[in-house]
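Open the model in your viewer and set it to cartoon. This tour gives you one selection at a time and says what is there.

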Amino acid sequence: MRRLPFAAWLLLPGGLALLLLMGGPVAVLLAESLRPFVPGSMRPGEGLTLQNYRDLLAPAYLFYAWETFRIGLIVSALSVLGAAPLAFAAVRSPRPAVRKGLLALLVGLLVMSLIARLYAIEMAWGSLGPLAPIGALTGIAPRSPRYAEVQVAIGLLHFTLPVVALMLVGAFRALSPRLEEAAASLGATRADAVLSVVLPLAAPAMVSGFLVALAMCISNFIAPLLLGRGVVVFTTSLMYTRFADIGNYPSGAAIGISMLLLSFAVVYGLAALARRALR
Amino acid sequence: MDRRQLLAAMAATAGSSAGPVFAQPRGEQLLVVMWGAQWIEVCRPIGEEWMRATGDRIQWELHAGGAMAVVGRLRPLWPRIQQNLIAAWDPVFDAMMEAGWMEPVDPAEMPALREIPDIFFKKNAQGQRMTVPLSTAGAFWGYRTDLVSGTPIESIEQLLEPRFRGKLCVPVPVNLSGLLMVSLAIQRGGNERNIEPGWQFLTELARRGNIGRVVANNSEMISAMSAGDLSVAFWNTGGWQAVRNRFPCRLLTRLTDNKGFLFNEGFAVMRGDNPARIAAAKRFANHFATAPINTRYNMPLGSGPTNVNSQAAESIRDIFYTPEELPRFAYIPDYSFMASQVDAWTRRWEQEITPLIRRA
């Protein structure tokens, strides 16, 4: 009888934990998504059905899924754009105070109360807030319901920016400063060295940061709930309504499974595209 | 002394010396579900006094969203639930009764129930009382008079006017079990069973961009109506009372072409396998139903007390109706029917109304 290799034994506890923590709940969710819902009753329906999935093909639900990904993609791109200079300065600034200050700011943003951050955004960027005129530069009037989209994006950016920046700090630290010095010795300006040497080398980390930010955005629930004014609806909000407000577990489960598959497809699809582009 | 005697003596000594250390605190541990905002503010001190007086330990849990949410949350856990008392209102009581989760209540063990008119109780098929009614509350249209200039609102048809663009604060259908839809339907000649006219009215409001915010709970409504960019809302008396405490408001309780909605709020005693705990839950609910506590509970909520010996707040006289006014201005819909429609109404809202609000 063949014995399991040592590495397999080492993987076993983690694999079992993953199976129990992820596989189990997802399997239960999948089973629930195939059950019929009986309106007005707390008792589950009998038999199996695909109706909960068919309902999601209505244009409005495809729109909500698209909205979730659209806002997520915009925020993820803004996160990488905003985080890269911050992370670079936190690693390469000649002034220690700047490096320490930036790192403290990024970590501080992560540990600050989530609810406090979101309500602060509501007060500052809300339609009557002092920063609303800046929000209006997006072309959406602060008094229109659609302006909630701007607020949700800012709320999500608060979540993603420090995480992406800290990821990039690690990536920039791993790059030797000698590379920039070598470029400079060959006549490159500092900007040229950063754009043509540092950024291409940090690109895989930036793609990873983008994908992590996207995953954080599309699974976020609290920012659209508190800042969305009831009109920016993410698929997470739809799931919450089904589970918590109506008690329609089968429909909530169907949304959950669909989003899980869609998210895997988008994240792995984008990762594959990025790999091909970076080759 | 043999081994058994020695062990018994040791146990007795340990028991007597460790008694005060290991003694269970007297009273029962109760988990009570209550709404947030001013509901929990008024309940906490009442609960603390009760704990000091009885030794029972009250732990509060807040409703997340509308009270109906708790039903969805408890469904997969039933019967292994920790909650002993749940504050809810008519449609939620109907749903929990249908599921068989509630314990009957009886004046023999809860004497304060004798002081509550029989009409306020929800009863099961056997005629047993199933709820502890604490408040008569309502849901009404209203507006902040400091923010609405020009002609005062006398009909909700006026809400279609351009001056109300982005000014309306409305609940999602799952909140108040869809009373917003019923109100709009009544305006156009319908009711809860003929809801289509309500959807048409709602579609007009959304298409014109007059709906500025959709709220899902009391805190959101109070915060939205306090911010200053919204001026008109449809909400319950509790939320309105909190807004009225800070800003001048007019509640449209006596519209000639529409109705106000009345309902009862109170406690449901949850079934369980611990009779002592159920008895403690009933004692606590009975305490809330006594005249002094019923008065104290309802005053800050802006709702009417149910105990005939309680006093109603002066500030809510304009909200509630005299018996002669009731048929003219008030409407009590079929909440059980509405509870069965909430899923369909929510889906329709998501598919038709939210996209319109966003596009407007």
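The stops below run from one whole chain, through a contact between chains, to single residues and strands. Keep in mind throughout that this is a predicted model.

**Stop 1: chain A**

Select chain A and colour it by secondary structure. There are twelve helices and zero strands, so the pattern along the sequence is simply α-α-α-α-α-α-α-α-α-α-α-α. Turn the chain about: its C-alpha trace spans about 75 × 75 × 35 Å along the principal axes. Of the 279 residues in chain A, 34% are buried. Now consider contacts in chain A between residues at least 6 apart in sequence: 69% of these join residues at least 24 apart.

**Stop 2: where chain A touches chain B**

Show both chains and select the residues in contact between them. Chain A contributes 26 residues and chain B contributes 36 residues. On the side of chain A, helix 3 (59-92) and helix 11 (235-246) each supply at least two residues. Which helix of chain A gives the largest share of this side? Helix 11 of chain A does, with six residues. Coloured by class, the side of chain A that touches chain B shows 13 nonpolar, nine polar and four charged residues.

**Stop 3: helix 11 of chain A**

Select residues 235-246 of chain A. Helix 11 of chain A has twelve residues and reaches 15 Å from its first C-alpha to its last, close to the expected 16 Å. Is this helix largely enclosed or largely open? Eleven of its twelve residues are buried, so helix 11 of chain A is largely enclosed by the rest of the structure. Among the buried residues are L238(A), Y240(A), R242(A), F243(A) and D245(A).

Next, show what the buried residues pack against. Within chain A, the partners are helix 3, helix 10 (222-227) and helix 12 (249-278). Chain B adds helix 3 (68-74) and helix 12 (335-359). Just after helix 11 of chain A, click on G247(A), which takes a positive phi of about 75°.

**Stop 4: the two domains of chain B**

Hide chain A and colour chain B in two parts: domain 1 (27-136 + 263-316) and domain 2 (139-262 + 328-359). Their C-alpha centres lie 27 Å apart. The contact between them takes 17 residues from domain 1 of chain B and 19 residues from domain 2 of chain B. On the domain 1 side, helix 2 (37-54) and helix 4 of chain B are the elements that give two or more residues. Helix 4 of chain B has the largest share of that side, four residues. By class, the domain 1 side has eight nonpolar, seven polar and two charged residues.

**Stop 5: the largest nonpolar core**

Bring chain A back. The largest nonpolar core has 165 residues, and those with the most contacts inside it include A87(A), L168(A), L85(B) and F267(B). Helix 7 (residues 148-174) of chain A gives the most to this core, with 14 residues. Why does the core lie between the two domains of chain B? Domain 1 and domain 2 of chain B both give residues to this core, so it lies between them.

Zoom in on F267(B). Beyond its neighbours within four places in sequence, F267(B) is in contact with L85(B), I86(B), A87(B), V132(B), L134(B), A285(B) and F288(B).

**Stop 6: M102(B)**

Select M102(B), in the loop between helix 4 (90-99) and strand 4 (132-144) of chain B. Is M102(B) buried or exposed? With 22 C-beta neighbours inside 10 Å, M102(B) counts as buried. Its contacts, leaving aside neighbours within four places in sequence, include M96(B), M97(B), M130(B), V269(B) and R271(B). Draw a distance from M102(B) to L85(B): the two are 17 residues apart in sequence and 9.4 Å apart in space, C-alpha to C-alpha.

**Stop 7: strand 5 of chain B**

Finish on residues 168-171 of chain B, which form strand 5. In a regular strand the side chains alternate between the two faces of the sheet. Here L168(B) and V170(B) point one way, C169(B) and P171(B) point the other way, and all are buried.

Then add the strands that pair with strand 5 of chain B. Strand 6 (residues 211-215) of chain B runs parallel to strand 5 and is joined to it by four bridges, with V170(B) opposite V214(B). Strand 7 (residues 232-236) of chain B also pairs with strand 5 in the parallel sense, over two bridges. In this pairing, L168(B) stands opposite V232(B).

Definitions and conventions. Residues are numbered from 1 along each chain as its sequence is written. Chains are lettered from A and ligands numbered from 1 in the order in which they are written. This is a predicted model: local features need pLDDT of at least 70, side-chain atom pairs count only at pLDDT 80 or more; totals for chains, interfaces and linings use all residues. A nonpolar core is a set of buried Ala, Val, Leu, Ile, Met, Phe, Trp, Tyr and Cys residues joined through C-beta atoms within 7 Å. A residue is buried if 20 or more other C-beta atoms lie within 10 Å of its own, exposed if 12 or fewer, and partly exposed in between; C-beta atoms are placed from the backbone. Domain bounds come from an automatic or database domain assignment. Two residues are in contact if their C-beta atoms, placed from the backbone, lie within 7 Å. Ala, Val, Leu, Ile, Met, Phe, Trp, Tyr, Cys and Pro count as nonpolar, Asp, Glu, Lys and Arg as charged, and the others, Gly among them, as polar. The expected span of a helix is 1.5 Å times one less than its number of residues. Two strands pair if DSSP finds at least two bridges between them.
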